[in-house]
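Student: Please take me through one part of this structure closely, and then link that part to what lies around it. Keep it simple, and explain the terms as you go.

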Amino acid sequence: DVLGGNLTERTATALAALWAAALLAGSASFFLISANRRADERLLIAGLRPSALESAHALGAVILAVGAGSIGFGFVVATNDIASPAHAWAAIVLGALAYEGVGIALAFLIRGDLEGSFVIILVFMFDAFVAGPVGAASGFWPNLLPLHHPSQLVVDAALNSDVDVARYAWSIAYTLVLLGVAALAHRRRLG
């Protein structure tokens with residue numbers, strides 16, 4: 001025990017919250033976009049502007065990610081003494097937003113629900129367990145996966161009041177790229 005809590009327990013709980021929020025946000029966004037295909041088409045036929053539909057989907061996605069991240073964060077701070085709660089919350093929400101981009105983009109590429117859920121789980125498992133802190137991957141390639149830097153941020157936030165600001169830059173850049181890909185896929189589908 002160090003600083004009022006077990007280091008392994010604090011980091012494991014924080015990582016679990018990040019992973020749960022990311023997987024929930026990615027899966028939920030995949031299924032929401034997949035399930036809304038026909039309804040979206042009908043709304044567009046009825047005269048709704050594509051930009052209004054895109055904005056509604058984007059707002060729903062942000063609410064979902066912030067909600068999933070906040071609930072996971074709530075469990076972390078309720079059960080553990082976290083050194084930097086604000087950084088932990090930001091890292092968890094960034095991970096959820098990144099995986100939301102993954103889920104939305106996959107919804108436009110993969111038609112089947114079963115296939116899409118398998119791909120999301122496969123990407124997540126590789127990301128979290130091979131390239132993340134658990135797998136202790138080294139070199140440049142772990143930087144290419146969405147949860148690498150949010151995972152490092154949440155571990156840092158669990159243990160230290162200071163975190164590496166460069167990890168925020170990587171996390172935000174990666175999240176924006178994924179959300180941009182999702183927006184392009186959405187725009188392409190809407191025509």
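**A helix and its two sides**

Tutor: Let's start with Val165, whose place is in helix H7; helices here are DSSP runs of H or I with at least four residues, strands are runs of E with at least two, and both are numbered from the N terminus. This is a predicted model, in which local features need pLDDT of at least 70 and side-chain atom pairs count only at pLDDT 80 or more, while totals for chains, interfaces and linings use all residues. Residues are numbered from 1 along each chain as its sequence is written, and side-chain values use heavy atoms, with hydrogens and water left out.

Val165 has 62% relative accessibility, so it counts as exposed. The cut-offs are under 20% relative accessible area for buried, over 50% for exposed, and partly exposed in between, with a 1.4 Å probe and protein chains only. Along the chain, Val165 is twelve residues from Leu153, and their C-alpha atoms are 8.9 Å apart. Next door, Asp164 sits in the loop between H6 and H7, and at 39% it is partly exposed. From the C-alpha of Asp164 to that of Phe118 it's 33 Å, with their positions 46 residues apart in sequence.

Phe118 brings us to the part I'd like to look at closely, helix H5. H5 runs over residues 113-130, and its 18 residues should span 26 Å at 1.5 Å a residue; the end C-alpha atoms are 25 Å apart, which agrees. (The expected span is 1.5 Å times one less than the number of residues.) Which residues of H5 are buried? They are Gly116, Ser117, Ile120, Phe124, Asp127 and Ala128. Looking down the axis of H5, these fall within an arc of 105°, so they line one face of the helix; that arc is taken from the directions from the helix axis to the C-beta atoms. Here's a handy rule: an α-helix has 3.6 residues a turn, so residues three or four places apart point the same way. On the other side of H5, Leu114, Phe118 and Leu122 are exposed.

Two more residues of H5 are in between: Met125 lies in this helix and is partly exposed at 43%, and Phe129 lies there too, partly exposed at 38%. The C-alpha of Phe129 is 41 Å from that of Arg42, 87 residues away along the chain. Met125 and Gly180 are 55 residues apart along the chain, with 23 Å between their C-alpha atoms; Gly180 is in helix H7.

Finally, the inside. The largest nonpolar core has 47 residues, and Trp19, Ile92, Leu147 and Val154 have the most contacts within it. Such a core is a set of buried Ala, Val, Leu, Ile, Met, Phe, Trp, Tyr and Cys residues joined through side-chain atoms within 4.5 Å. H5 is among the elements giving two or more residues to this core, along with others including H1 (7-35) and H7 (165-190). The largest share, 15 residues, comes from H4.

Definitions and conventions. Expected span 1.5 Å × (residues − 1).
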